[in-house]
Amino acid sequence: MIARNDYAAELARLASDIDELGAAPAAGCGHAHRLVYKHYQQASLRGDYAALAAVDETLRALIAPERPDPDLCYLKANLDFKLHRLDAVQRTLDGCAELRDSAPGRALLADLALQRGQYDQAEQGYQDVLQQDPSWDNFARLAHLAFKCGDDATAERHFDHAEDELTAKEMRHYAWLQLQRGLLDLSRGRLAAAREHYERAERAYGGYWLVAEHRAELLAACGECEAALAIYEQVLAEVPRPELLQATGELCAHMGRDREAEGWFRRALEAYLASAARGEVHYLHHLADFFADVREDGTQALHWAGADLALRENPATLAAWAWALYRAGRAREALAPMQRAMASREVDAHTLRRAAAIHHAAGAVAEGERFARLATALNPHAHGFHVHR
Amino acid sequence: MADHNDPNAVNTIFSDIDVSAADLYDLFGFPSDDRDGGEKVVIALTFAAVPVAGTLDTDMLYRVQISPSPRAVWPHGDDQSLDTLLNYFDALKERYLGPSSAAEIRVTVDEAQRAMLRFFGFPGGDFTATVDTNQVLTINTPDGHAIKTYVGGRDDAFFNDLTGFFRSINYAPQFYHVPHTRPDLRELPIPKTLLELEGNDLFNADPADPDWGYLNVHGRPNGSKRDLPPGPYTWNGNRFRKDENGDYRLVYSGYDCQAGKNVNAIVLEIPLTFLTREPEKDRIVNTWGESWVRKAAPKVETIPDHPFWLESPRTILDSFRLDDELKQYKLVDTDGQPFADAGFSEREDSRQLGANNFWLAPTFIKRTAHLGWGFGPSISALGLATCFDHDNSPVSVHKTYDHVLAAFPRSKKLLFQKLRMPDDSWNPKGLDIPLRRPVEIFIPNVCAIDMDTTGTWPFGRRLEDQVANRFLAMFLDMDAEFNGRKYHLELLSDPALWQAAPVQPKTSPNPLHNDREFLTEFPYLAPPWSEAYPK
């Protein structure tokens, strides 16, 4: 029988490890590396960006430019990835050949290619790494790529392999995989299958806010809005991330509770803008989305979508830019970036729906209807409640 | 758009996931001295004391596989050709992949720390028994046999200078913080050696820091690891180090790094007549152990089988043998012969094939030659004769092989030579039992217990065997003589040899006795150390 709150238990273990390491006399780099890794793990698990920023500071101090430690660089690159600092990831890899040439480093390079919209290069990179290191996370990477490209059978096959590599000692990773599988089902409108995955994730690793917020989205998509709202509120009490505030606001709006929604939106926007004011870039795409869909403010949406596009040009950021142009009443201008997004390997029902709207608005009605049909075929529930991730 | 995809979950390199309950330590096997009621064989599988000694991990499944057989006589005489070797491996494939697969005892422990032992494939039929852990108990089988059983914590029966061994193979993680991202920096490309190499500052002992490399070793309070210095990680010297008196320096110290440590163990004393219907004929009890960890999915629920099972070489092998239960677990470790992993398989996960390690025969041959270039010149420098052809190299050489054809001529004597025993005590009945050869010992990777011997290594493995010294003795030339006697497997445990050799310290490379006296009765392994044992 699995303990109910695995998340709390793991956090407690991490806190204990950190206390123990903090109290022990520093003995070589191994000690310092373990400690910073524990802090990183703790911050990641909590979804705590402020704590991650502190870890970032520690890493900057620990990494010696003249001889960067590949393990620390790996942590730094992961952290920068989490914060969408792709140039920093590239710099870290370039500055540490030991990491860049290792299997984990090459996986990160492929991740970078994916974020830059270079899907073929990413796929080749993942395949190469997998030859050397057939670990669950590398299978998961390939699954994610196939999922984005609409190749569900391949995605499921890679997810199967990833699952098969995971043991009972890695239940959090297993739960995370279930969430990815659930997202795949959700994005195809297979709500019951998504629910099964999310329930399995909860059984595997109980008490995790990440599982809860996925379940909340699904419940809302299924029309169980009150239950979804209750979960969001519970999650937010522990993890007040702005994208969850926005999701909660959108759910309230979906339920017709506009005043309540506005409260959540205000808090979300405040946090997004505060993050941007700090020079952080990981909420740029949320800001673009927020202004495009919540405020329907094309000017602001263009500002933030443009900033994100400058950071990483991929089908998603191109589509967001096109959508911002559409919101700004520049539908004809939106055609070009949206067509570039559509020409990629990526397939996404929400993007297809946006493409349909843009084409309609630009007078390309037949093309717009074609995109609308494709969106419905890919996900019959695409018009329902969903969260921007 | 899958932004904020949780990288914490796609980050396994720093994984501090504790799977060490899967880390098998040793497999002991010998005929029991207790012959009351007939011949019995003792088999003890030891593994990491995780969570603690006496408490076993409920996600683990341990298998003790057993395959009795007649004593095989090496059919090739003194022929030392590669063809002979390949024919031998071919014959093994038939034996271990054929229809007569091994019987097994499968052990799991539930949340209440009750051990379930399931017996499969034995002549008397399959059955299951559930026993309390940490107690000596008897399982009465359906066909009327009594099997003594102990599942629980014990003292680690292995006594060994592990630090010395790791120094001999330049295994950096014992001495340095090696980045997780650099698995290539574990076994550094410096010659393997029994003697310190002049200028090998990466691994030679540091008199000013005597506990370096002894982290977490009992009695070495200042045990430490160092930060890995920048490379190069090679050695460019041309001789062994000598001290001011002209003596070489042994990389071993004879210190027992396992002293004061506990293990968890599965210990069984099984009547031979339970294992085979032909005990007079099946005089060899081949046994090996495996650890399996439960997969994540079955921990949540049972899920359908995946086509995965037919997609990799090891899986193809498994698909013929795995039953539904084993498909829910993942093989982690195997144990048959001591040093088969650390010495010959370079500790690679993909090489955990147990008795079916004949797949790895080419690797074994190449690795043997690699080790020979390291240990052979060390042995020669001590004034001893080695069976390895190192072209009279005055110092150890780091050499690896891509092809078996190049490696085999160097190591063929090492592979084929009969390993002489120090006296006749191993063969109390005075039977015509052939001495064993390294190739027979390590491929297949099983503990082949000869029921007509005492079961001392390599005719099994007794608790009191100093197997590390015997392993090194395989590199000696068994045709040579020391003090008027032919070389034998115990020569490196002979104090007279070290007194005579130009080396310091004048001690056996490894300790000659366990830190705790073994018991004369079941379960034979000494009780666990109380400080690590749950009260």
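At 63% relative accessibility, Asn483(B) is classed as exposed, because that value lies in the range over 50% that defines the exposed class. The structure in view is a predicted model, and this asparagine is a convenient place to enter it. Asn483(B) sits in the loop that links strand 18 (481-482) to strand 19 (485-486) of chain B, and its phi is near 55°, a positive value in a residue other than glycine. Most residues other than glycine have a negative phi, and most peptide bonds are trans.

Chain B holds further exceptions of this kind. Asp391(B), although not a glycine, has a positive phi of about 55°, and its place is the loop between helix 7 and helix 8 of chain B. Two cis peptide bonds involving proline can also be followed along the chain. One joins Ile443(B) and Pro444(B), with omega about 0°, and Pro444(B) belongs to the loop between helix 9 (438-442) and strand 17 (447-450) of chain B. Another runs from Phe522(B) to Pro523(B), with omega near 10°, and Pro523(B) lies in the segment after strand 20 (503-504) of chain B.

These local features are set in a chain that contains 11 helices and 20 strands. Of the 535 residues of chain B, 59% count as buried, and among its contacts between residues at least 6 apart in sequence, 70% join residues at least 24 apart.

The loop that carries Asp391(B) connects helix 7 and helix 8 of chain B, and these helices also pack against each other. Helix 7 (residues 361-381) and helix 8 (residues 404-416) of chain B meet at an angle of about 70°, with their axes 8 Å apart, and that angle makes helix 7 of chain B roughly perpendicular to helix 8 of chain B. Helix 7 of chain B contributes Pro362(B), Phe364(B), Ile365(B), Lys366(B), Thr368(B), Ala369(B) and Trp373(B) to the contact, while helix 8 of chain B contributes Val404(B), Ala407(B), Phe408(B), Arg410(B), Ser411(B), Leu414(B) and Leu415(B). By type, the residues of this contact divide into 10 nonpolar, two polar and two charged.

Turning to chain A, helix 8 (residues 119-132) has 14 residues, which at 1.5 Å a residue should span 20 Å, and its end C-alpha atoms are indeed 20 Å apart. Its buried residues are Tyr119(A), Ala122(A), Gly125(A), Tyr126(A), Val129(A) and Leu130(A); seen down the axis of helix 8 of chain A, the buried residues fall within an arc of 135°, so they line one face of the helix. An α-helix has 3.6 residues a turn, so residues three or four places apart point the same way. On the other side of helix 8 of chain A, Asp120(A), Gln121(A), Gln131(A) and Gln132(A) are exposed. The cover over the buried residues of this helix includes helix 7 (103-115), helix 9 (136-148) and helix 19 (315-327) of chain A.

Helix 12 (residues 191-204) of chain A also has 14 residues, with an expected span of 20 Å at 1.5 Å a residue that agrees with the 20 Å between its end C-alpha atoms. In helix 12 of chain A, the buried residues are Leu191(A), Ala194(A), His197(A), Tyr198(A), Arg200(A), Ala201(A), Glu202(A) and Ala204(A). What covers them includes helix 1 (6-23), helix 11 (171-187) and helix 13 (209-221) of chain A, together with helix 4 (296-300) of chain B.

Conventions. Residues numbered from 1 in each chain as written. Chains lettered and ligands numbered in written order. Predicted model: local features only at pLDDT ≥ 70, side-chain atom pairs only at ≥ 80, totals over all residues. Heavy atoms only, no water. Axes fitted to C-alpha atoms, helices over the stretch in contact; angles between N-to-C directions. Helix = DSSP H or I, 4+ residues; strand = E, 2+ residues; numbered from the N terminus. Parallel < 35°, antiparallel > 145°, perpendicular 65-115°, else oblique. Contact = heavy atoms within 4.5 Å. Nonpolar A, V, L, I, M, F, W, Y, C, P; charged D, E, K, R; others polar. Expected span 1.5 Å × (residues − 1). Buried < 20%, exposed > 50% of the residue type's maximum accessible area, 1.4 Å probe, protein only. Arc of directions from axis to C-beta.
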